[in-house]
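These are my notebook entries on a structure that I had not looked at before. I wrote down each thing as I looked it up, beginning with a single side chain and ending with the chain as a whole.

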Amino acid sequence: MPARPSTRPDPDRPTAIRLRADLPIRGRRARRRTVTAAVATGIVLAGCSSPADLPPGELAADPTCARIIMATPDSLGGLERRSTTAQATTAWGDPAVTVRCGVTPPGPTTDRCLNVENADGTFVDWIALEGDDPDLPEHARQGQGSWSFVTYGREPAVEVVVPVEQVSGQPTAFLVDLAEAVELSTAERFCVGATDIS
């Protein structure tokens, strides 16, 4: 019967061969580290909120919308930014204060218009949409209520929806914080009061 080769490491063999004997152990350790990392990643992901589900605006592909969304603050009214499901949108908090760029610009209207002053002294005009307004976005109708605003006289138009749960003072405070980004859309028309000559 032929002699069986020895399975003991030979001290006269080159080091590389001895290291190969350690590979299965390293493989098990690497797999354990991979599994541990995957479990840790799963725990972290489970703790994150899901993306805010928003439909894109009709003109979301307008390049100005990308600039506007990029210019919005990382934190809005103390709420942290969260991801969204649509192009040219962003959101903060849960329930989310949302911004959609590229919505249909409102035409002449008798709805209430708000002039929000920016830090540089310029103004952004916003139309406040009422609960029965046909232009009120579907995602603003959900839940316990919200305030909805859309820029007036700017193309692309920008919509902001503020859930009632996120308001401790005036819902228009969010519009002040967003004015600088929204000004990247050029104003072509302005709101006029009842006594103004148009």
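**Entry 1, Arg100.** I started with the side chain of Arg100, where a polar atom lies 3.0 Å from the backbone oxygen of Pro55. The model I am reading is a predicted one, so I treat this distance, like every other here, as a computed value. A second partner turned up for the side chain of Arg100, which is joined to the side chain of Glu159 by a polar contact of 2.8 Å. I then looked up where the residue sits, and found Arg100 in strand E4, which covers residues 97-103.

Is Arg100 buried or exposed? Its relative accessible area is 8%, and because buried means under 20%, Arg100 counts as buried. Leaving aside neighbours within four places in sequence, I found Arg100 in contact with a list of residues that includes Leu54, Pro55, Pro56 and Gly57, then Ala88 and Thr89, then Pro137 and His139, and also Ala157, Val158 and Glu159. I also looked up Val150, which is 50 residues away from Arg100 along the chain, and noted that the C-alpha atoms of the two are separated by 9.3 Å.

**Entry 2, Ala88.** One of the contacts of Arg100 is Ala88, and I went there next. Ala88 has its place in the loop between strand E2 (79-82) and E3, and it is buried, with a relative accessible area of 12%. What I marked for a second look is the backbone, since phi of Ala88 is near 60 degrees, a positive value in a residue other than glycine.

**Entry 3, Thr90.** From that loop I moved on to strand E3, residues 89-92, in which I found Thr90. This residue is buried, with a relative accessible area of 3%. Which side chain does the side chain of Thr90 meet in a polar contact? I found that of Arg81, at 2.6 Å. Beyond its neighbours within four places in sequence, Thr90 is in contact with Leu54, Ile69 and Thr72, with Arg81, Arg82 and Thr84, and with Val97, Thr98 and Val99.

**Entry 4, two cis peptide bonds.** I looked at the loop between E3 and E4, where Pro95 is found, and noted that a cis peptide bond joins Asp94 and Pro95, with omega at about 5 degrees. Another cis bond runs from Glu155 to Pro156, with omega near 5 degrees. The place of Pro156 is in the loop between strand E7 (146-151) and strand E8 (157-163).

**Entry 5, Ser185.** Glu155 came up again when I looked up Ser185, whose side chain reaches the backbone oxygen of Glu155 at 3.2 Å. Ser185 lies in the segment after helix H4 (173-182) and is buried, with a relative accessible area of 0%. Not counting residues up to four places away in sequence, Ser185 touches Thr64, Ile68, Arg154, Glu155 and Pro156, so both residues of that second cis bond are on its list.

**Entry 6, helix H4 and rings.** In H4 itself I wrote down Phe174, Leu175, Leu178, Ala179, Ala181 and Val182 as buried. They cover an arc of only 165 degrees around the axis, which puts them on the same side of H4. I then searched for aromatic pairs, and the structure holds zero of them. What I did find at a ring is the charged end of Arg189, which sits over the ring of Tyr152, 5.3 Å from its centre.

**Entry 7, the chain as a whole.** The secondary structure of the chain comes to four helices and eight strands, and from the N terminus on the elements run α-α-β-β-β-β-β-β-α-β-β-α. Of the 198 residues of the chain, 34% count as buried. Among contacts between residues at least 6 apart in sequence, 58% join residues at least 24 apart.

**Entry 8, confidence.** The mean pLDDT of the chain is 77, and 68% of its residues reach 70 or more. Over residues 5-11 the pLDDT is below 50, and this stretch has two contacts in the model beyond near neighbours in sequence. Residues 13-47 also stay under 50, and for them the model has four contacts beyond four places in sequence. Where pLDDT is low, the predicted coordinates should not be read in detail.

How values were computed: Residues numbered from 1 in each chain as written. Predicted model: local features only at pLDDT ≥ 70, side-chain atom pairs only at ≥ 80, totals over all residues. Heavy atoms only, no water. Buried < 20%, exposed > 50% of the residue type's maximum accessible area, 1.4 Å probe, protein only. Polar contact = N/O pair within 3.5 Å; in protein donor to acceptor, adjacent residues only side chain to side chain. Contact = heavy atoms within 4.5 Å. pLDDT = per-residue confidence, 0-100. Arc of directions from axis to C-beta. Phe/Tyr/Trp six-rings, centres within 6.5 Å; stacked < 30°, edge-to-face > 60°. Lys NZ or Arg CZ within 6 Å of the ring centre and 35° of its normal.
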